[in-house]
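Got a new model open and not sure where to look first? Let's walk through it together, feature by feature.

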Amino acid sequence: MNFADMDDFLNMPDPQDEAKVVYEIINYSRHFGFPTLHKVSSLLGVSEQQFQRRLQSAGINFTTLLSYVLGNLAVEYLSKHVAIDEVAYRLGYTNVASFNRMFKKNRGITPRQFQQQIENL
């Protein structure tokens, strides 16, 4: 297997696909607590201001991007019947209520309601 095939196999982001790299860095950083602008920009090797300018030029902000990444991961975990408090913990939240608010704000339903919809399918 050559490196290109291995990248596809491992679902590694193309270094030129900046959006995918940022997505994966946010995903990675959550393993060390709740992802913050400081942590993510440090992992990318840029200043917080430079990172924010890059996001603004793409028409998004860090908070929106973070909610999107964490929301997608939450859906993945909840679909696999992971307990809500465990999902919150895996995403870096220290407070389940904060996780519930983020999820409802972005998905329009609570994590519990989402799990019930999954069970009804």
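What follows is a chat between a learner and a teacher about this predicted model.

Q: Let's start broad. How many helices and strands does the protein chain have?

A: Eight helices and zero strands. Read from the N terminus, the elements go α-α-α-α-α-α-α-α.

Q: And what share of the residues in the protein chain is buried?

A: Of the 121 residues, 33% are buried. As for the outside, the accessible surface is about 7,900 Å², and carbon and sulfur atoms account for 52% of that.

Q: How do I read the contacts by sequence separation?

A: Take the contacts between residues at least 6 apart in sequence, then ask which of them join residues at least 24 apart. In this chain that share is 44%.

Q: Let's zoom in on one helix. How does the span of α7 compare with what twelve residues should give?

A: The general idea is to count 1.5 Å a residue, using one less than the number of residues. For α7, residues 96-107, that gives an expected 16 Å, and the end C-alpha atoms are 16 Å apart, so the two agree.

Q: Which residues of α7 are buried?

A: F99, M102 and F103. Look down the axis of α7 and these buried residues sit within an arc of 95°, so they line one face of the helix.

Q: What about the other side of α7, buried or exposed?

A: R101 and K105 are over there, and both are exposed.

Q: What covers the buried residues of α7?

A: The cover includes α5 (62-79), α6 (84-90) and α8 (111-120).

Q: On to charges. What's the general idea behind a salt bridge?

A: Side chains of opposite charge can pair when their charged atoms come close. The cut-off used here is 4 Å between a side-chain nitrogen of Lys or Arg and a carboxyl oxygen of Asp or Glu. This structure holds three such pairs.

Q: Where do K20 and E24 lie?

A: Both are in helix α2, residues 18-29, and they're four residues apart, about one turn of the helix. Their side chains meet in a salt bridge at 2.9 Å, N to O. K20 has 24% relative accessibility, so it counts as partly exposed. E24, at 22%, counts as partly exposed too.

Q: What separates E86 and R90 along helix α6?

A: About one helical turn, because they're four residues apart in α6. The closest N and O atoms of this salt bridge are 3.0 Å apart. E86 is partly exposed with a relative accessible area of 30%, and R90 is partly exposed at 33%.

Q: Which residue forms a salt bridge with E76?

A: K80, with the closest N and O atoms 3.5 Å apart. E76 is partly exposed, at 39% relative accessible area. K80 comes in at 57%, and the cut-off for exposed is over 50%, so K80 counts as exposed.

Q: Last one. Which residues form a nonpolar patch on the surface?

A: That would be Y28, F32 and L43, and together they have about 330 Å² of accessible area. To join a patch, a residue needs over 30% relative accessible area. L43 is partly exposed at 41%, and its place is in helix α3, residues 37-44.

How values were computed: Residues are numbered from 1 along each chain as its sequence is written. This is a predicted model: local features need pLDDT of at least 70, side-chain atom pairs count only at pLDDT 80 or more; totals for chains, interfaces and linings use all residues. Side-chain values use heavy atoms; hydrogens and water are left out. Patches are made of residues with over 30% relative accessible area and no salt bridge: like charges are joined within 9 Å, nonpolar side chains (Val, Leu, Ile, Met, Phe, Trp, Tyr) within 5 Å. Accessible areas come from the Shrake-Rupley method with a 1.4 Å probe; for residues, only the protein chains shown count as cover. Helices (H or I, at least four residues) and strands (E, at least two) are DSSP runs, numbered from the N terminus. Buried means under 20% relative accessible area, exposed over 50%, partly exposed in between (1.4 Å probe, protein chains only). The arc is that of the directions from the helix axis to the C-beta atoms. Contact means heavy atoms within 4.5 Å.
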